[in-house]
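Let's take a tour of a protein model and look at its empty spaces, its strands and its core. Keep the 3D view open as you read.

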Amino acid sequence: MALCLAVLPLPLAAQTVSLNQVRSLRCETRGSVTTTWDRGVPAARVSASPSLAPLVFVAIDREAGRARLIGNAGEADVTVVVGDNGLQFVERTGSGNMMVTTVYRAANTALPHGRFAFVHSRDFALVAPSADRLTLAPSMHMGFCTTLE
């Protein structure tokens, strides 16, 4: 009697997925820290609920250092920085504000395959209509990214 083994591909979520191979990611927040200034004193607010629409990064090209970000306000080209701990996506908005999303290679807790922890930092200021006053609005949004391949 012959033994016959079939090799079937595993679904992507069950495979070991390396962040080095990922070409697209969907990142969803699970919490945030936002800061406002009240009479010149910063006040942080922590939330454990989703705080942003999903961020989708496509056409991730590590060698060229670029990707495309699709968000609720449209699409933008972003810079990709490869680091020892993961990938950083850097966006400079039309008004000069900086947004940085870091997707970590590994976290201190076990995550399902194909899932990566991320932090999205927004360091921006809103200009008042009189253009002589800024409203500072930095924030950090945390959650998980999943692969889209």
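## The cavity

Strand 6 (86-92) and strand 7 (98-104) each put at least two residues into the lining of the largest cavity. Strand 7 has the largest share of that lining, with three residues. Keep in mind that you're looking at a predicted model.

How much space lies in the largest cavity? About 30 Å³. A search of the whole structure turns up one cavity of 30 Å³ or more. Its lining is made up of Phe 57, Leu 69, Val 78, Phe 89, Glu 91, Met 99, Val 100, Thr 101 and His 120. Sort those by class and you get six nonpolar, two polar and one charged. If you're wondering how such gaps are spotted, rolling a probe the size of a water molecule over the atoms shows where empty space is left.

## The largest pocket

Now for the pockets. The largest pocket holds about 220 Å³ of space. It is lined by 13 residues, and those closest to its centre are Leu 69, Asn 72, Ala 73, Glu 91 and Arg 122. You've met two of these names already: Leu 69 and Glu 91 are on the list for the largest cavity too.

Which strand gives the most to this lining? That's strand 5, with three residues. Strand 4 (66-71), strand 5 (74-83) and strand 8 (115-123) each supply at least two. By class, the lining of the largest pocket has five nonpolar residues, five polar ones and three charged ones.

## The second largest pocket

The second largest pocket comes in at about 170 Å³. Around it are 14 lining residues, and Val 17, Arg 105, Leu 111, Arg 115 and Phe 116 lie nearest its centre. Here strand 8 gives the most, with three residues.

What about the classes in this lining? Nine of its residues are nonpolar, three are polar and two are charged.

## Strand 1 and its partners

Try following strand 1, which covers residues 25-38. It pairs with strand 3 (residues 55-61) in the antiparallel sense, over three bridges. In that pairing, Cys 27 stands opposite Leu 55 of strand 3. Strand 1 also runs antiparallel to strand 11 (residues 139-147), and nine bridges join them. Look for Gly 31, whose bridge partner in strand 11 is Met 142.

A further antiparallel partner is strand 2 (residues 41-47), with seven bridges to strand 1. Asp 38 stands opposite Val 41 in strand 2. The hairpin made by strand 1 and strand 2 has two residues between the strands, and Arg 39 takes a positive phi near 55° there.

## The nonpolar core

The largest nonpolar core has 18 residues, and the ones with the most contacts inside it are Leu 25, Cys 27, Phe 57, Ile 60, Phe 89 and Val 103. At least two residues of this core come from each of strand 1, strand 3, strand 4, strand 5, strand 6 and strand 8. Strand 3 gives the most, with three residues. Phe 57 and Phe 89 may ring a bell, as they also line the largest cavity.

Zoom in on Ile 60. Leave out residues up to four places away in sequence, and Ile 60 touches Val 22, Arg 23, Ser 24, Leu 25, Arg 66, Ala 67, Leu 87 and Phe 89.

## Two buried residues up close

Ser 24 sits in the segment before strand 1. Is Ser 24 buried or exposed? Its relative accessibility is 11%, so Ser 24 counts as buried, the cut-off being under 20%. Setting aside neighbours within four places in sequence, Ser 24 is in contact with Phe 57, Val 58, Ile 60, Thr 146, Thr 147, Leu 148 and Glu 149.

Next, find Gly 143 in strand 11. Gly 143 has a relative accessible area of 7%, so this residue is buried as well. Where does the chain come back to meet Gly 143? Beyond its neighbours within four places in sequence, Gly 143 is in contact with Glu 28, Thr 29, Arg 30, Phe 116, Ala 117 and Phe 118. Val 119 is 24 residues from Gly 143 along the chain, and their C-alpha atoms are separated by 6.7 Å.

Key: Residues numbered from 1 in each chain as written. Predicted model: local features only at pLDDT ≥ 70, side-chain atom pairs only at ≥ 80, totals over all residues. Heavy atoms only, no water. 1 Å grid on protein atoms, 1.4 Å probe; cavity = no way out; pocket = protein on both sides within 12 Å on 5 of 7 lines; lining within 4 Å. Points joined across faces, edges and corners; volume = space filled by probe spheres on them. Helix = DSSP H or I, 4+ residues; strand = E, 2+ residues; numbered from the N terminus. Nonpolar A, V, L, I, M, F, W, Y, C, P; charged D, E, K, R; others polar. Pairing = 2+ DSSP bridges. Core = buried A, V, L, I, M, F, W, Y, C linked by side-chain atoms within 4.5 Å. Buried < 20%, exposed > 50% of the residue type's maximum accessible area, 1.4 Å probe, protein only. Contact = heavy atoms within 4.5 Å.
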